[in-house]
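Reader: I would be grateful for a close reading of one part of this model, with the reasoning set out step by step. Please begin from the item I name below.

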Amino acid sequence: MFVPLVHRCLREFRIGEYYKNGGYGNLDILKLALAILVMLRHIGQNFFKDNMFWRIYVINTISTIGVTSFFIISGFLLYKKPVNKERLKKQVFRILKLYGCWTVVYLPLICYEYLKHRVDISYAFVEFAQRAVFDGTYYHLWYLPSLIVAMCIVYIMRNRRFTLMAVTMGLMIIGILANTYGLRFPKMYYTIFLTTRNGLFMGSFLVAIGKYFADYEIKLKNYKHCKLVLLVAIMFLYLEGVLVSKYDSQITINMTFSTVMVAVVLVGLMISQLQMNVSKTVRNVSTLIYFIHPWIIFLVVLLEHFGIVLNASIKAIITMFISVLVAFVVAKMTNIFKVLNEFM
């Protein structure tokens with residue numbers, strides 16, 4: 001039974017052929033790999049909290065390119081077509097709808113956390129609203145409101161390329177220094193905005209890079225000769241991540257300067273290559289893996305309350321397998337239940 005299921009999954013993905021309609025199959029494949037990478041990051045944070053190998057070599061290094069690359073890809077795909085106010089509004093509404101749908105999905109877990117910590121209901125409402133606007137209603141959903149902010153910033157400065165790149169790069173540098181290297185803003189900032197892990201400091205420059213790739217895509221054809229640059233950038237990613245982790249063994253890194261280097265080179269290379277043909281299932285499964293896996297992590301952790309004690313490695317394998325399986329099943333069910341398309 002398992003072998004036919006795997007065979008069906010591979011047949012649905014249809015990886016290896018080439019697009020004839022100008023699509024970006026390479027980016028769909030990359031997004032699938034990045035979604036799995038983000039899942040591994042959260043698996044490490046939940047099941048390998050005190051494991052220094054996971055913290056240094058997965059959580060604080062390679063996994064940081066996941067959401068970073070998503071920002072660049074989103075910027076590229078947005079600006080592949082002319083962007084006016086109406087198109088921007090359409091994209092913002094689509095992301096808001098996605099954010100709302102997944103917030104509803106995670107409401108039980110959000111309520112569980114408030115009840116578990118005996119949070120006063122009035123404070124919970126205020127804190128939830130604040131997180132919904134300035135961070136994320138659940139820990140992995142921060143990407144969606146951040147993407148909206150980043151897209152709006154880039155749109156405002158879209159016709160002033162030098163100003164756009166200079167301003168957003170400056171914001172990114174400040175964000176990384178604050179989030180990774182200990183630069184502290186006044187307390188009032190964190191009281192209101194909670195974090196610098198947002199579209200202003202960690203998203204706008206990346207979306208701007210995506211726009212830059214869209215504007216100069218034809219020149220990216222020479223980018224395929226930069227595979228060595230990617231290897232060097234990954235080496236710097238590990239070096240920077242290890243050094244920061246050695247300095248502060250408890251830190252969870254969201255982004256470093258070398259993270260941005262790797263993401264930029266990686267996405268640029270994937271755009272520059274001859275595009276592979278993949279089915280829409282790949283795109284949908286990658287999206288669903290990203291959004292579904294925290295629920296699976298929660299359920300696997302919950303097993304211990306029923307006396308089912310598993311070691312961390314088994315938990316990780318179960319989480320990965322079930323997340324991918326559920327994502328694939330839900331993606332296929334969209335043919336029957338059209339409402340499921342609202343979640344992708």
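Is Phe70 buried or exposed, and what relative accessibility supports that assignment?

Author: The model is a predicted one. Phe70 has a relative accessibility of 9%, and because buried means under 20%, Phe70 counts as buried. By the ring-centre rule, the count of aromatic pairs comes to 27. In one of them, the ring centres of Phe70 and Tyr290 lie 5.8 Å apart with planes at 85°; since planes over 60 degrees apart count as edge-to-face, this pair falls in that class. Phe70 belongs to helix 4, whereas Tyr290 belongs to helix 14 (residues 280-302), so the pair ties together parts 220 residues apart in sequence. Tyr290 is buried as well, its relative accessible area being 4%.

A second edge-to-face pair is formed by Tyr189 and Tyr190, because their planes stand at 90° and their centres are 5.3 Å apart. Tyr189 is buried at 14%, and Tyr190 counts as buried at 16%. Over the ring of Tyr190 sits the charged end of Arg184, 4.3 Å from the centre.

Helix 4 (65-78) also serves as a packing partner for the buried residues of helix 11, together with helix 7 (143-156), helix 8 (161-179), helix 10 (199-202) and helix 13 (257-272). Of the twelve residues in helix 11, ten are buried, including Phe205, Leu206, Ile209, Lys211 and Phe213. Lys211 lies over the face of Tyr79, 5.4 Å from the ring centre. As for the geometry of helix 11 (residues 204-215), a rise of 1.5 Å a residue gives an expected span of 16 Å, and the end C-alpha atoms are 16 Å apart, so the two agree.

Key:
Residues numbered from 1 in each chain as written. Predicted model: local features only at pLDDT ≥ 70, side-chain atom pairs only at ≥ 80, totals over all residues. Heavy atoms only, no water. Helix = DSSP H or I, 4+ residues; strand = E, 2+ residues; numbered from the N terminus. Expected span 1.5 Å × (residues − 1). Buried < 20%, exposed > 50% of the residue type's maximum accessible area, 1.4 Å probe, protein only. Contact = heavy atoms within 4.5 Å. Phe/Tyr/Trp six-rings, centres within 6.5 Å; stacked < 30°, edge-to-face > 60°. Lys NZ or Arg CZ within 6 Å of the ring centre and 35° of its normal.
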